[in-house]
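Open the model in your viewer and keep the selection panel at hand. This tour moves from one selection to the next and says what is there.

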Amino acid sequence: MPEGPSVRKFQLLTSPFVGQVVVKVGGSSRKINVNDLNALRLQDSQVHGKNLYLAFVAADDPLGPTAEETVLQNETSSPAQGGQEQLCAPHPQDEELQEFQHSRSEAPDEAEGPGNWLRFHFGLFGSVRANEFSRANKANKRGDWKDPVPRLVLHFESGGFLVFYNCRMHWCSSPRADPASDILSVEFHRGRALDALCAHHPICYTLLDQRYFSGLGNIIKNEVLYLAKLHPLTPGSLLAPSDRERLLDCAVQFSSDWLHHKLLGQRLHPQIYQKEQCPLGHPVMKATLGPPGGFKRLTWWCPQCQPVV
């Protein structure tokens, strides 16, 4: 599924449409009534980790409440009688399960809640396109050349449009998230991340914990462990402080570089992810690793460059 850098790019594609009114809608989503978006104004666009949030207001209310005002209102008001307020809390377990299964289908999600924010969580091959549709670049298993079917299409008053593929959507009251955990946020909290890397379990588990490394996915995990020359099953408690610092530096720098290359239209060239040899020519090991009873992830590492501690 798209990781933090990809979703940041999706958000940048939506930003030019903020302030415009939706004049026509389409799409195959069954999670929301896409017609509810017709004649609404796109008020705001935000990204938190692996999730994209779009705020919509009535067309005759161009300003509406800000994100901060919405959060404050939710914190100071009581939920309406007859149902509990639904917030947009990220679901890292759902995300990991989707990616592991390589599923393009929409998994069951929470019931829609009150609010004007639409949360997008992207599955494998999920994407956002501006003013263009995705086209098939190869035949499917039946030999058919069928273009991907968008979940949602928003046409705006300017004549431009946004297309969303392979994503789950639901309405919520606010983009409740913790910027201190977002690996690409200027508010990312290094101290809290370093403390998390001290845990006794393997560091490859900790890096995927969205409570501390929101937006960091399996590709980033594999690449930064190789860059830091650390075995994925090394318990964090055995790492020297300098090793934890180096691993965190690699995670932040790789994520930022990946975003920079995406914005330039350049493809990622991984050094270890899905490789049979590392850049030095050593054979690469591959295994499905994860906590007992938890979700397992495909992991690649070089036994020579990343020795067991």
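Which elements do the buried residues of α1 pack against? Select α1, residues 4–14, and look around it. The buried residues of α1 pack against β2, β3, β4 (117–130), β6, α6 and α7. The buried set is Gly-4, Pro-5, Ser-6, Val-7, Phe-10, Gln-11 and Thr-14. Bear in mind that this is a predicted model.

**Whole chain**

Zoom out. The chain has seven helices and eight strands. Its length is 309 residues, and 47% of them count as buried. Now turn on the accessible surface. The total is about 15200 Å², with 53% belonging to carbon and sulfur atoms. A contact map adds another view. Take the contacts between residues at least 6 apart in sequence: 69% of them join residues at least 24 apart.

**The sheet**

Next, colour the strands of the open sheet. Six strands run in the order β1-β5-β6-β4-β3-β2, with antiparallel pairing. β1 (22–26) and β2 (40–48) are the edge strands; each has a single partner strand, so one side of each has no neighbour in the sheet. From one strand to the next, the twist averages 40°. If you display hydrogen bonds, look along the backbone: strands of a sheet pair through backbone hydrogen bonds, either parallel or antiparallel.

Start at the β1 edge. Select β1 with β5, residues 152–156. The two run antiparallel and are joined by four bridges. Pick Val-22: its bridge partner in β5 is Phe-156.

Cross to the other edge. Select β2 and β3, the latter being residues 51–58. Eight bridges pair them in the antiparallel sense. Label Gln-46, and you will find Tyr-53 of β3 opposite. Then step to the turn. The hairpin of β2 and β3 has two residues between the strands, and Gly-49 there takes a positive phi near 65°.

Is β2, at the edge of the sheet, enclosed or open to its surroundings? Eight of its nine residues are buried, so β2 is largely enclosed by the rest of the structure. The missing neighbour on one side is a matter of sheet pairing. Burial counts cover from the rest of the structure.

**Helix α7**

Select residues 241–263. This is α7, with 23 residues. From its first C-alpha to its last it reaches 33 Å, close to the 33 Å expected at 1.5 Å a residue. Show side chains for its buried residues: Arg-244, Leu-247, Leu-248, Cys-250, Ala-251, Phe-254, Ser-255, Trp-258, Leu-259 and Lys-262. What covers them includes α1, α4, α5 (203–206) and α6 (218–227). Go past the end of the helix to Gly-265, where phi is positive, near 75°.

**Helix α6**

Move to α6, one of the elements covering α7. Nine of the ten residues of α6 are buried. They are Asn-218, Ile-219, Ile-220, Lys-221, Asn-222, Glu-223, Val-224, Leu-225 and Tyr-226. Lys-229 follows the helix and has a positive phi, near 60°.

**Three loop residues**

Select Ser-181. It sits in the loop between β6 (161–172) and α4 (190–196). At 5% relative accessibility, Ser-181 counts as buried. Leaving aside neighbours within four places in sequence, Ser-181 is in contact with Phe-188, Arg-192, Gln-210, Arg-211, Tyr-212, Phe-213 and Ser-214.

Add Asp-209, in the loop between α5 and α6. Is Asp-209 buried or exposed? At 19% relative accessibility Asp-209 counts as buried, because the cut-off is under 20%. Draw a distance to Ser-181: the two C-alpha atoms are separated by 9.8 Å, at 28 residues apart along the chain.

Finish the loops with Cys-198, between α4 and α5. At 31% relative accessibility, Cys-198 counts as partly exposed. Beyond neighbours within four places in sequence, Cys-198 is in contact with Gly-236, Ser-237 and Arg-244. Arg-244 is also among the buried residues of α7. Measure to Pro-235 as well: it is 37 residues from Cys-198 in sequence and 8.0 Å away, C-alpha to C-alpha.

**The annotated span**

Last stop: residues 271–307. The unreviewed UniProt entry annotates this span as "domain: FPG-type". In the model the span is 0% helix and 27% strand. Its end C-alpha atoms lie 17 Å apart.

Note on methods:
Residues are numbered from 1 along each chain as its sequence is written. This is a predicted model: local features need pLDDT of at least 70, side-chain atom pairs count only at pLDDT 80 or more; totals for chains, interfaces and linings use all residues. Side-chain values use heavy atoms; hydrogens and water are left out. Two strands pair if DSSP finds at least two bridges between them. Axes are lines fitted to C-alpha atoms, for helices over the stretch in contact, and angles run from 0 to 180 degrees between N-to-C directions. Buried means under 20% relative accessible area, exposed over 50%, partly exposed in between (1.4 Å probe, protein chains only). Contact means heavy atoms within 4.5 Å. Accessible areas come from the Shrake-Rupley method with a 1.4 Å probe; for residues, only the protein chains shown count as cover. The expected span of a helix is 1.5 Å times one less than its number of residues. UniProt positions are given in the numbering used here, feature names are shortened, and annotations may be inferred rather than shown by experiment.
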